[in-house]
Amino acid sequence: MAYRSLRRPSDSVHPRRILYVAYPLLPVSHESCGGAEQMLSVLEDEMARRGHYTSVAACAGSQARGSVMVTGAETVEPDRFSTRNAEHHARILEFLNSPQHHALPFDLIHDKSGSFWPRAAESEIPVLATLHLPRHFYSEEVFRKVPKNVMFNCVSAAQYRSFQNVLHVIGVIENGIHVHRFPFITEKQDYLLWLGRVCEEKGPHLAIEVARRTGLPLVMAGQVYPFSYHQTFYNAKIRPHLASLHPTISFRETPTFQTKARLLSRARALLVPSLVNETSSLVAMEAMVCGTPVIGFRRGALPEVVIDRLTGFIVDDVDQMVEAVWNADQINAHACRTHVESNYSSTRMAAQYEELYERILASRESPRTQAA
């Protein structure tokens, strides 16, 4: 497995060899739908550009600026998760224990999968695990025996507050996006947009209610995962509204990046009626960088990402969301773009992770230095 470097990192940072561990079922690329996969792709791209030697452990079909360690076939069968996850981990550990790796070892493993880090004790390499999910998605048991070489980071201040009782959580680094990939358009069309994973917790049925009450067209875009409860929800709450009886509601399944960017840049507003405490919101960042206001519920990190009455509106219920739709034209598109450029760029995120990697490695190397 070859490493590739595009340029040298800053003078104060040595080039590092970093392994990024992906979720086992879905390929990693710029077209990824899942938030963790998107963030892995963006971060690996930025770190390779900064001169580090990067590799991604992921299923077949994955793409990276560095190298890809293929751990198995892509699958959309959720009932195969346990088997596929075990295979994923076995392939990674097999490589870490191989002569090839010992000849040119990784300096650090960054676990974006959410499941590899409990096996970190089977290697001496330090592991940084990013916690992408809300606190209640994790069992209490999983944090009781954290391997000594594992550190965690959160992706928002709101999320961090819920993990303060967990050892080894060493800070917050907010997610970032490739700002330059998204078009900035000030003239909007008169449709509402909902974009994401089609399941009850993301509130697409509430976006439909807002559209019906305002009389505005609604474009829904996203992916229906093959989990039974996702399929049941889609068939019961979403699909009936896509019939000819309601021609103003449309659904774009698994949109390409170009389609997503076009929809985000031209919408009157992006609706984020999430029913869970979001730890971040990539889609809100993507909408705002296009100059499109975001109207979201007051859940989790959304009030951090969206500045109420400057880049959109933070509301408490559907009634307030309906009212905010009519005020969306009061939001300045340039303020939206500037907010993301200043706070949620991929370059800012990469610089902060680079600094965090160095802190982790320095803390592990210092005892050896003192012993010498």
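Helices here are DSSP runs of H or I with at least four residues, numbered from the N terminus. With that settled, here's a quick tour of this predicted model. We'll look at the second largest pocket, where helix 12 supplies the largest share of the lining, four residues. After that come a buried serine in strand 2 and the pairing of strands 12 and 13.

**The second largest pocket**
- The space inside the second largest pocket comes to about 320 Å³.
- Two elements each give two or more residues to its lining: helix 3 (99-103) and helix 12 (346-371).
- In total, 17 residues line this pocket, and Pro 105, Phe 106, Glu 124, Ile 125 and Pro 126 are the ones nearest its centre.
- Sorted by class, the lining holds seven charged, six nonpolar and four polar residues.

**Ser 55 in strand 2**
- Ser 55 sits in strand 2, which covers residues 53-58.
- Ser 55 counts as buried because its relative accessibility is 0%, and the cut-off for buried is under 20%.
- The side chain of Ser 55 makes a polar contact of 3.0 Å with the side chain of Ser 67.

**Strands 12 and 13**
- Strand 12 (residues 294-297) runs parallel to strand 13, and four bridges join the two.
- Within that pairing, Phe 297 is found opposite Val 315 of strand 13.
- In a regular strand, side chains alternate between the two faces of the sheet.
- In strand 13 (residues 312-315), Phe 313 and Val 315 point one way, while Gly 312 and Ile 314 point the other way.
- All four of these strand 13 residues are buried.

Note on methods. Residues numbered from 1 in each chain as written. Predicted model: local features only at pLDDT ≥ 70, side-chain atom pairs only at ≥ 80, totals over all residues. Heavy atoms only, no water. 1 Å grid on protein atoms, 1.4 Å probe; cavity = no way out; pocket = protein on both sides within 12 Å on 5 of 7 lines; lining within 4 Å. Points joined across faces, edges and corners; volume = space filled by probe spheres on them. Nonpolar A, V, L, I, M, F, W, Y, C, P; charged D, E, K, R; others polar. Buried < 20%, exposed > 50% of the residue type's maximum accessible area, 1.4 Å probe, protein only. Polar contact = N/O pair within 3.5 Å; in protein donor to acceptor, adjacent residues only side chain to side chain. Pairing = 2+ DSSP bridges.
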